[in-house]
Amino acid sequence: MNGLSTVFIIVGLFLLGGVYSFWKQKLPKSVVVLLAIGSAMCLTAGVLRLGVWN
């Protein structure tokens, strides 16, 4: 597990926590969806950079 994949996964989990927090605060759904997309992209990039499929 290299440093960049770790950073992507940590940032993705942080953004996922923000999605949950914003949803509980009943912020506009467009903000929540945008944050969720960013979180999914970070988590996907982190998992793909792990290289366990090679």
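**A walk through two packed helices**

S5 is buried, with a relative accessible area of 0%. In this predicted model, that residue is a useful place to begin, since a reader who starts from S5 can follow the chain outwards to its surroundings. S5 belongs to helix 1, and, once residues up to four places away in sequence are set aside, S5 touches G46, R49 and L50.

The helix that holds S5 deserves a description of its own. Helix 1 runs over residues 3–24, which makes 22 residues, and from its first C-alpha to its last it reaches 32 Å, close to the 32 Å expected at 1.5 Å a residue. Along helix 1 the buried residues are S5, I9, G12, L15, G18 and V19. What covers these residues? Part of the cover for the buried residues of helix 1 comes from helix 2, which spans residues 29–50.

The next step is to ask how the two helices lie against each other. Helix 1 and helix 2 pack with their axes 8 Å apart, at an angle of about 160 degrees. An angle over 145 degrees counts as roughly antiparallel, and therefore helix 1 and helix 2 are described as roughly antiparallel to each other. The way in which helix 1 passes helix 2 is a left-handed crossing. Sorted by class, the residues in the contact of helix 1 with helix 2 are 19 nonpolar, six polar and two charged.

Two residues of the second helix can be set beside this picture. A45 is found in helix 2, and its C-alpha is 7.3 Å from that of S5, although A45 and S5 are 40 residues apart in sequence. Is A45 buried, exposed or partly exposed? At 24% relative accessibility A45 counts as partly exposed, because the buried class is kept for values under 20%. L48 also lies in helix 2, but with 58% relative accessibility L48 counts as exposed, since the cut-off for that class is over 50%. Between L48 and Q25 there are 32 Å from C-alpha to C-alpha, and these two residues are 23 residues apart along the chain.

Between the helices comes a loop, and one residue there calls for attention. K26 has its place in the loop between helix 1 and helix 2, and K26 follows helix 1 with a phi that is positive, near 60 degrees. This positive phi of about 60 degrees occurs at K26 although K26 is not a glycine. K26 is exposed, with a relative accessible area of 73%, whereas S5 in helix 1 is buried at 0%. The C-alpha atoms of K26 and T6 are 30 Å apart in space, with their positions 20 residues apart in the sequence count, that is, 20 residues apart.

At the other side of helix 1, the chain has a short passage to consider as well. Where is N2 placed? N2 sits in the segment before helix 1, and with a relative accessibility of 36% N2 counts as partly exposed. N2 and S39 are 37 residues apart along the chain, and their C-alpha atoms are separated by 19 Å.

Taken together, these details return the reader to the starting point: S5, buried with a relative accessible area of 0%, lies in helix 1, and helix 2 is included in what covers the buried residues of that helix.

Methods: Residues numbered from 1 in each chain as written. Predicted model: local features only at pLDDT ≥ 70, side-chain atom pairs only at ≥ 80, totals over all residues. Heavy atoms only, no water. Helix = DSSP H or I, 4+ residues; strand = E, 2+ residues; numbered from the N terminus. Expected span 1.5 Å × (residues − 1). Buried < 20%, exposed > 50% of the residue type's maximum accessible area, 1.4 Å probe, protein only. Contact = heavy atoms within 4.5 Å. Axes fitted to C-alpha atoms, helices over the stretch in contact; angles between N-to-C directions. Parallel < 35°, antiparallel > 145°, perpendicular 65-115°, else oblique. Left-handed = near helix turned anticlockwise from the far one by under 90°. Nonpolar A, V, L, I, M, F, W, Y, C, P; charged D, E, K, R; others polar.
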